[in-house]
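Visitor: I should like to take a close look at a single part of this model. Please begin once the structure is in view.

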Amino acid sequence: MEFQEMKEYLLEQILNKQLIHATISQTRAKSNEVKRVKLKPIEIKNMYHIQLEYQYERILKHENIPLEEFTKTLDELLEQFRQVHADFTSEKVHVQLSKKNKVMWKSEKTISTKTVDLSHNRKKNYLLDENTPYPFLIRLGVQTAEGKVKKQKYDKFKQINRFIEFIDDTLVHLPKNQPVRILDFGSGKSYLTFALYHYLKIEKGLDIRVTGLDLKKEVIEECANIANDLGYDQLEFLVGDISDYNDEASVDMVVTLHACDVATDLALGRAVKWGASVILSVPCCQHELNTQLNAPGLDIMLKHGLIKERFAALATDSIRAEILNMVGYEAQLVEFIDIENTPKNILIRAYKTGKKATPEQLEGYKQFKQMLHANPFLEKELKEYFS
């Protein structure tokens, strides 16, 4: 197949609204900051669009393109990237391009011949369907006994589904031929712990063992009872503190949601020392840097208490992500849930790469730290990685 023929075929499928989702990757230019682009169809104000999710090294950006304008967009994407994975309604396609646009084409017909249903997309194409009863959601009070999401719990249902999206993205980073060990520090009422277990164990069939850890004894006992009643035999809940948990030699995934202040750093530090392949952390109450800030050049901002608090929180999470990048991870700061639902909406997502920090990274981190007069707790936790 020639390049122009390939492009016309992909475009025909997309313009005929056959696209389910696609990933375009392998940048042609080292200077291109976009690592990959994910595509999916969505409906906005009753108009069909293609949503592009641009994945940079540390952030995600989205753009919605009306279908009739997508021809130019596809041309631009194929000029920048050399690989396409596309799922259409009746076919899966893989395209690999050489530097001179020689086409290697693979396709696989699929059983389904249904057209893409966009009625869901006007709400949200949830991985957990809002009209399907899930025993753990019923027990946790998110759904009624009939499996309908309770009106007052809809924001929680959206948060759970957003978390499941992140879990789904981690699948390629988890071990394939051995049990997967997962720890959730500060699990609380464990909505997300149960969701994680359900999705990976029941829906994806992975061999996993999950531990939820929290200081609240009554909450832990209730969660343990629910897990027992549901037959979740590889899910346990323990009373304990992050700093005192020393029962593991290695862990595959560490989750920490709303651990307050340096408790987040304790969990991140422990995850790195365990060599966790995946880290998912939603920080909370970032007070440490707030008390250290001493940056005269930022006085116009920092003289306002509210702004100082927000700046300190953003700077703290930026420092955490950069430290993870320097100790062998690819870390990103991404939106966890709409800010209208919770102000604590940044998630640190990190995948282990084993790459060492470059001199430029170390120098940039040092300058930023010196500008703020910061002495990060996480750096002290991981001091052996900086020697």
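Visitor: Is Cys-284 buried or exposed, and what is its relative accessible area?

Guide: This is a predicted model, and the values that follow are computed from it. Cys-284 has a relative accessible area of 12%, which falls under the 20% cut-off, so Cys-284 is classed as buried. As for disulfides, the count comes to zero. Cys-284 takes part in none; its nearest cysteine sulfur belongs to Cys-285 and lies 3.1 Å away. A disulfide requires a pair of sulfur atoms within 2.5 Å, and therefore this pair does not qualify. Cys-223 is likewise in no disulfide; for Cys-223 the nearest cysteine sulfur is that of Cys-284, at 18 Å. Cys-223 also counts as buried, because its relative accessibility is 2%.

Helix H7 comes before Cys-284 in the numbering and covers residues 262-274. The 13 residues of H7 should span 18 Å at 1.5 Å a residue, and the end C-alpha atoms are 18 Å apart, in agreement with that expectation. Of these 13 residues, 10 are buried, so H7 is largely enclosed by the rest of the structure. Among the buried residues are Asp-265, Arg-270 and Trp-274. Directly after the helix, Gly-275 adopts a positive phi of about 75°.

A further buried position is Gln-51, in strand E3; its relative accessibility is 17%. The side chain of Gln-51 makes a polar contact of 3.3 Å with that of Asn-64. Gln-51 also touches other residues, including Lys-38, Ile-42 and His-62.

Key:
Residues numbered from 1 in each chain as written. Predicted model: local features only at pLDDT ≥ 70, side-chain atom pairs only at ≥ 80, totals over all residues. Heavy atoms only, no water. Helix = DSSP H or I, 4+ residues; strand = E, 2+ residues; numbered from the N terminus. Buried < 20%, exposed > 50% of the residue type's maximum accessible area, 1.4 Å probe, protein only. Polar contact = N/O pair within 3.5 Å; in protein donor to acceptor, adjacent residues only side chain to side chain. Contact = heavy atoms within 4.5 Å. Expected span 1.5 Å × (residues − 1). Lists of a residue's contacts leave out its neighbours within four places in sequence.
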